[in-house]
Amino acid sequence: MSKWSHFGRYVVAIACLALSFLIVHHSSFGQNWRVRGRGDTNNHRRHLPAGLRKIKHIVFLVKENRTFDNYFGTFPGADGATSGTISTGQTIHLRQAPDVLPRDISHSFQSAVLAIDGGAMDKFDLIPGGNQNGDYLAFSQYTETDIPNYFTYARHFVLADKFFSSLTGPSFPNHLYTIGAQSGGAINNPSSANRWGCDSPANSRAQVMEDDGTTIPEYPCFDFRTLADLLESEGLSWKYYAPGQDESGYIWSALNAIAHIRLTQLWTEHVVPTADFVADAQNGNLPAVSWLVIGSGRSEHPPASVCVGENWTVGQINAVMQGPDWESTVVFLTWDDFGGFYDHVAPPRVDNFGLGPRVPLLIISPWARSGYIEHKPLEFSSILKFIEDRFDLDRLTERDEKSTDLFDAFDFDDHPRPSLILFERRCPGSPTTADFQLDPRYHGGGQ
């Protein structure tokens with residue numbers, strides 16, 4: 001036998017050993033992951049605003065479970081509603097929502113499809129939790145008195161009133177869209193309560209929809225390309241600010257569900273505590289792209305206090321405005337899904353997964369137009385598209401390729417506008433800021 005044959009066997013042996021190590025490593029959390037479509041869409045020549053490169057830092061801040069009408073239905077000039085149609089055909093007034101709600105409402109894929117009713121938007125009262133003893137909680141609404149700082153941002157910067165959640169359903173798949181312009185086929189939250197991703201218990205499953213519309217249960221650990229991968233490949237800085245393992249809000253740390261990130265050094269190097277964001281913003285250490293999520297008590301996820309959640313958001317945005325990076329930053333502030341609340345605008349159907357009901361989007365930047373309402377149809381993938389355009393990155397899927405751009409919301413020919421420092425306010429009833437256990441019917445088993 002030649003020396004090259006011996007060498008070949010040696011190489012094969014080393015390769016097998018390495019593969020064995022990877023398999024053991026990947027299965028150490030109790031389950032192998034599944035590779036899904038990567039959606040490799042090539043970069044094409046794009047016509048971009050001349051001043052786009054004035055933006056050097058992009059913050060994607062994701063709160064929880066609110067529709068546009070639930071928060072901004074009364075905002076002047078926006079496409080909002082103060083009444084809605086229930087399943088009987090009757091039109092009812094949207095009731096004043098309390099700061100702390102009495103319960104959560106189902107916001108699963110199935111509940112969203114039921115509520116949308118083919119575009120009629122008239123069955124929100126039939127989803128679990130939507131109407132108990134005639135309270136019509138799904139048909140409730142806040143006004144400027146309840147969320148004054150959010151209204152102030154909308155008046156001074158940009159409010160989008162045709163911004164839709166990417167998927168007709170809940171948090172887990174929609175958070176995946178915020179990183180990858182897809183959900184790996186997932187349409188509902190995993191069955192495990194505290195970990196949604198590659199460290200979920202071995203018996204955890206998420207409903208996944210195939211191309212033909214059939215659904216199957218799969219372990220909630222996927223392996224599709226994300227915006228973080230595009231940034232990493234170009235040597236651009238990024239961080240995902242999120243609660244740590246088993247802390248409240250860890251379920252919204254979307255990169256936990258991406259195997260090649262969660263199971264490698266990319267996780268330990270780039271996924272950092274939420275509390276780090278304020279210091280990074282104030283000290284001029286913001287990366288090129290940031291994602292930011294928080295635990296339940298300040299997330300605005302029902303039944304959490306809306307006032308407490310708004311105060312926390314104001315603290316994060318104040319930190320950006322007080323830091324040296326303000327003049328080169330844009331903050332996209334949005335909410336991940338409809339949360340079971342009524343919205344009167346029927347979402348466009350772009351594929352089997354969505355779009356879902358409208359959610360609010362505030363665009364806060366010294367380069368954002370002042371007091372502008374963006375009326376074009378948008379979704380989470382539109383924000384990814386903006387980031388891809390700014391940093392000359394490839395597209396991820398057909399979603400970001402075909403989504404509407406956000407350039408109308410900016411005026412790069414004007415002078416940068418000064419910061420707008422807002423004050424946290426005293427919340428009615430002195431609600432707690434403590435985190436709480438989310439309703440297990442909707443966040444770990446039930447839908």
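Student: In this predicted model, how should Asp408 be classed at 34% relative accessibility?

Tutor: A residue counts as buried under 20% and as exposed over 50%, with partly exposed in between. Asp408, at 34%, is therefore partly exposed. Lys376 falls in that class as well, because its relative accessibility is 22%.

Student: Which contact do the side chains of Asp408 and Lys376 make?

Tutor: As a general idea, side chains of opposite charge can pair when their charged atoms come close. Here the side chains of Asp408 and Lys376 form a salt bridge, with an N to O distance of 3.2 Å. Asp408 belongs to the segment after α12 (398-402), and Lys376 to the loop between β15 (372-374) and β16 (378-379), so the pair ties together parts 32 residues apart in sequence.

Student: How many salt bridges does the structure hold, and which parts does the pair Glu300 and Lys63 tie together?

Tutor: The structure holds 20 salt bridges. In one of them, the side chains of Glu300 and Lys63 meet at 2.4 Å, N to O. Glu300 is in the loop between β12 and α10, while Lys63 is in strand β1 (residues 57-63), so this pair links parts that are 237 residues apart in sequence.

Student: Are Glu300 and Lys63 buried or exposed?

Tutor: Glu300 is buried, with a relative accessibility of 0%. Lys63 is likewise buried, at 0%.

Student: What is the sequence relation between Glu398 and Lys402 in helix α12?

Tutor: The two are four residues apart in helix α12, which means that about one helical turn separates them. Their side chains meet in a salt bridge of 3.5 Å, N to O, and both residues are exposed. In addition, Glu388, Asp389, Arg395 and Glu401 are joined into one network by salt bridges that share partners.

Student: Turning to nonpolar residues, how many residues does the largest nonpolar core have?

Tutor: In soluble globular proteins, nonpolar side chains tend to be buried together. In this structure the largest nonpolar core has 125 residues, and Phe72, Tyr153, Trp291, Phe332, Ile363 and Phe410 have the most contacts inside it. The element that gives the most to this core is α10, with seven residues. A second, separate core has five residues, among them Cys198, Cys221, Ala259 and Leu263.

Student: Which residues does Trp291 touch, leaving out those up to four places away in sequence?

Tutor: With that exclusion, Trp291 touches Phe60, Thr178, Ile179, Leu227, Ala228, Leu231, Trp238, Lys239, Tyr240 and Tyr241.

Student: Let us consider the backbone. Where are Ala181 and Asp246 found?

Tutor: Ala181 is in the loop between α5 (171-180) and β8 (206-209). Its phi is positive, about 60 degrees, although Ala181 is not a glycine. Asp246 is in the loop between β10 (238-241) and α7 (259-262), and its phi, near 70 degrees, is also a positive value in a residue other than glycine. As to accessibility, Ala181 is buried, with a relative accessible area of 1%, whereas Asp246 is partly exposed at 43%.

Student: Which residues does the cis peptide bond with omega of about 10 degrees join, and which are joined by the one with omega of about 20 degrees?

Tutor: The cis bond with omega of about 10 degrees joins Pro302 and Pro303; Pro303 is placed in the loop between β12 (289-292) and α10 (306-322). The cis bond with omega of about 20 degrees joins Gly354 and Leu355, and Leu355 is in the loop between β13 (329-335) and β14 (361-364).

Definitions and conventions: Residues are numbered from 1 along each chain as its sequence is written. This is a predicted model: local features need pLDDT of at least 70, side-chain atom pairs count only at pLDDT 80 or more; totals for chains, interfaces and linings use all residues. Side-chain values use heavy atoms; hydrogens and water are left out. Buried means under 20% relative accessible area, exposed over 50%, partly exposed in between (1.4 Å probe, protein chains only). A salt bridge is a side-chain nitrogen of Lys or Arg within 4 Å of a carboxyl oxygen of Asp or Glu. A nonpolar core is a set of buried Ala, Val, Leu, Ile, Met, Phe, Trp, Tyr and Cys residues joined through side-chain atoms within 4.5 Å. Contact means heavy atoms within 4.5 Å.
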